[in-house]
Amino acid sequence: MKKLLTLLFSVAIALSLSTATFAQDAGTKKDDTKKEEKKEKKAKKEKKDKKDDKMKDDKMKADKK
């Protein structure tokens, strides 16, 4: 009886620890996705800013003529 309780207790602990480990893995993937989205968003913004600067430069050159 004592061996059976020990086995049951060890299985319960093993399952609870493995569940916590899998839960942590899921959270890191989410953080990586957020970081990638931020990088993409920043790259788009920089591209747009570059385009706007070029348009302003072209407009200034046209005004000087």
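**Entry 1: a cut-off to begin with**
I call a residue exposed when its relative accessible area is over 50%, buried when that value is under 20%, and partly exposed in between. I looked up Leu 7 with this in hand: its relative accessibility is 52%, so Leu 7 counts as exposed. I should jot down here that I am working with a predicted model.

**Entry 2: the whole chain**
I went looking for secondary structure and found one helix and zero strands in the chain. The helix, α1, covers residues 2-64, and the chain has 65 residues, of which buried ones make up 0%. I also noted the surface total: about 7000 Å² is exposed by the chain, with 62% of it supplied by carbon and sulfur atoms.

**Entry 3: the nonpolar patch**
Back to Leu 7, which I placed in helix α1. Which residues share a nonpolar surface patch with Leu 7? I listed Met 1, Leu 4, Leu 5, Leu 8, Val 11 and Leu 15 as its partners there. Together, the patch residues have about 790 Å² of accessible area.

**Entry 4: two serines**
I checked Ser 16 and found it in helix α1. Its relative accessible area is 45%, so I put Ser 16 down as partly exposed. Where does the side chain of Ser 16 have a polar atom 2.8 Å from a backbone oxygen? I traced that oxygen to Ile 13.

Ser 18 came next, also a residue of helix α1. Its relative accessibility is 29%, and because that value lies between 20% and 50%, Ser 18 is partly exposed. I followed the Ser 18 side chain to the backbone oxygen of Leu 15, at 2.9 Å. I had already met Leu 15 as a member of the nonpolar patch.

**Entry 5: the positive patch**
I turned to the lysines next. Lys 34, Lys 35, Lys 38 and Lys 39 form a positive patch on the surface. I picked Lys 38 for a closer look and located it in helix α1. Is Lys 38 buried or exposed? I read 63% relative accessibility for Lys 38, so it counts as exposed.

**Entry 6: the negative patch**
My last stop was the acidic residues. I found a negative surface patch made by Glu 46, Asp 49, Asp 52, Asp 53, Asp 57 and Asp 58. From this group I looked up Asp 57, which sits in helix α1. Asp 57 has 42% relative accessibility, so I recorded it as partly exposed.

Key: Residues are numbered from 1 along each chain as its sequence is written. This is a predicted model: local features need pLDDT of at least 70, side-chain atom pairs count only at pLDDT 80 or more; totals for chains, interfaces and linings use all residues. Side-chain values use heavy atoms; hydrogens and water are left out. Helices (H or I, at least four residues) and strands (E, at least two) are DSSP runs, numbered from the N terminus. Buried means under 20% relative accessible area, exposed over 50%, partly exposed in between (1.4 Å probe, protein chains only). A polar contact is a pair of N or O atoms within 3.5 Å; within protein, one must be able to donate a hydrogen and the other to accept it, and residues adjacent in sequence count only if both atoms are side-chain atoms. Patches are made of residues with over 30% relative accessible area and no salt bridge: like charges are joined within 9 Å, nonpolar side chains (Val, Leu, Ile, Met, Phe, Trp, Tyr) within 5 Å. Accessible areas come from the Shrake-Rupley method with a 1.4 Å probe; for residues, only the protein chains shown count as cover. A salt bridge is a side-chain nitrogen of Lys or Arg within 4 Å of a carboxyl oxygen of Asp or Glu. Lys and Arg count as positive and Asp and Glu as negative; His and the chain ends are not counted. The place of a charge is taken as NZ of Lys, CZ of Arg, CG of Asp or CD of Glu.
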